[in-house]
Amino acid sequence: MQELMVGFKCKGCSMLHYPRHARCLRCKGTVFEEVELGDECKLLTYTKLYALPEGIEMTPLLLGIVEFPNGVRALGQLKGDDIKVGMRLRPIWGKIRKLGEKDIYGFRFEPFYSPQ
Ligand SMILES: [Zn+2]
């Protein structure tokens, strides 16, 4: 089953946060409810990293900032050969790096059409 990304909506002022914060950035509230961010987002900007922390197996690493329709922005790894600013992406849950002997899972973003 596909995992969905969730954001954290402040009960006090309705501001959406991602990732989770201990206190609302706007009203300092501490009560949040989880809301699904959806399965589609838009790439705002990205960068290629060649000097990588140990355990990341993708070189170069593409790191991008995406925006969901509800305005939430998230930072994550990108997958795909033909990455362009403004393109539509979807969050995919999977292994993103190794930390020692441990596999670390998280979301990465990839285009809707996946060239093989
Ligand atoms: Zn708030």
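# Exercises on an all-strand chain

In this predicted model, five strands form a closed barrel in the order β4-β5-β6-β8-β7, with mixed pairing. From one strand to the next, the twist averages 40°. The exercises below treat the chain in general, then its sheets, and finally single residues.

## Exercise 1. The chain in outline

Task: State how many helices and how many strands the protein chain has, and what part of the chain is buried.

Solution.
Step 1. The count of elements gives zero helices and eight strands. Read from the N terminus, the order of elements is therefore written β-β-β-β-β-β-β-β, given that helices and strands are numbered from that end.
Step 2. The C-alpha atoms occupy a box of roughly 45 × 35 × 30 Å along the principal axes.
Step 3. Of the 116 residues in the protein chain, 16% are buried.
Step 4. Among the contacts with a separation of 6 or more, 44% join residues 24 or more positions apart.

## Exercise 2. The open sheet

Task: Determine which strands are the edge strands of the open sheet.

Solution.
Step 1. The open sheet has three strands in the order β2-β1-β3, and their pairing is antiparallel.
Step 2. Consider one side of β1. Strand β1 (residues 6-10) pairs with strand β3 (residues 32-36) over five bridges, in the antiparallel sense. Within this pair, G7 stands opposite V35 in β3.
Step 3. Consider the pairing with the other strand. β1 and strand β2 (residues 16-17) are joined by two bridges, again in the antiparallel sense. Here F8 stands opposite H17 in β2, and K9 stands opposite L16 in β2.
Step 4. The edge strands are β2 and β3, each of which pairs on one side only.

## Exercise 3. The hairpin and its turn

Task: Identify which residue in the turn between β1 and β2 has a positive phi, and explain why this residue is classed as exposed.

Solution.
Step 1. β1 and β2 form a hairpin, with five residues between them.
Step 2. S14 lies in the loop between these two strands, β1 and β2. Its phi is positive, about 75°, although S14 is not a glycine.
Step 3. S14 has 12 other C-beta atoms within 10 Å. The limit for an exposed residue is 12 or fewer, so S14 is exposed.

## Exercise 4. The loop between β2 and β3

Task: Describe the peptide bond from Y18 to P19, and decide whether K28 is buried or exposed.

Solution.
Step 1. P19 is located in the loop between β2 and β3. The peptide bond that leads from Y18 to P19 is cis, with omega near -5°.
Step 2. K28 is also placed in the loop between β2 and β3. Phi of K28 is near 65°, a positive value in a residue other than glycine.
Step 3. Around K28 there are 11 other C-beta atoms within 10 Å, so K28 is exposed.

## Exercise 5. The barrel and the nonpolar core

Task: Find the bridge partner of K42 in β5, and name the residues with which C41 is in contact beyond its neighbours in sequence.

Solution.
Step 1. β4 and β5 run antiparallel and are joined by seven bridges. The bridge partner of K42 in β5 is E67.
Step 2. With its neighbours within four places in sequence left aside, C41 is in contact with V66, E67, F68, L89, P91 and F109.
Step 3. C41 belongs to the largest nonpolar core, which has 10 residues: M5, L37, C41, L43, V66, F68, V72, L78, L89 and F109.

## Exercise 6. A loop residue beside the barrel strands

Task: Decide whether T59 is buried or exposed, and state how many Å separate T59 from E40 in space.

Solution.
Step 1. T59 is found in the loop between β4 (41-49) and β5 (61-67).
Step 2. T59 has 10 other C-beta atoms within 10 Å; therefore T59 is exposed.
Step 3. Leaving aside neighbours within four places in sequence, T59 is in contact with Y50 and L52.
Step 4. In sequence, T59 and E40 are 19 residues apart. In space, the distance from C-alpha to C-alpha is 25 Å.

Key: Residues numbered from 1 in each chain as written. Predicted model: local features only at pLDDT ≥ 70, side-chain atom pairs only at ≥ 80, totals over all residues. Helix = DSSP H or I, 4+ residues; strand = E, 2+ residues; numbered from the N terminus. Buried ≥ 20, exposed ≤ 12 C-beta atoms within 10 Å, placed from the backbone. Contact = placed C-beta atoms within 7 Å. Core = buried A, V, L, I, M, F, W, Y, C linked by C-beta atoms within 7 Å. Pairing = 2+ DSSP bridges. Axes fitted to C-alpha atoms, helices over the stretch in contact; angles between N-to-C directions.
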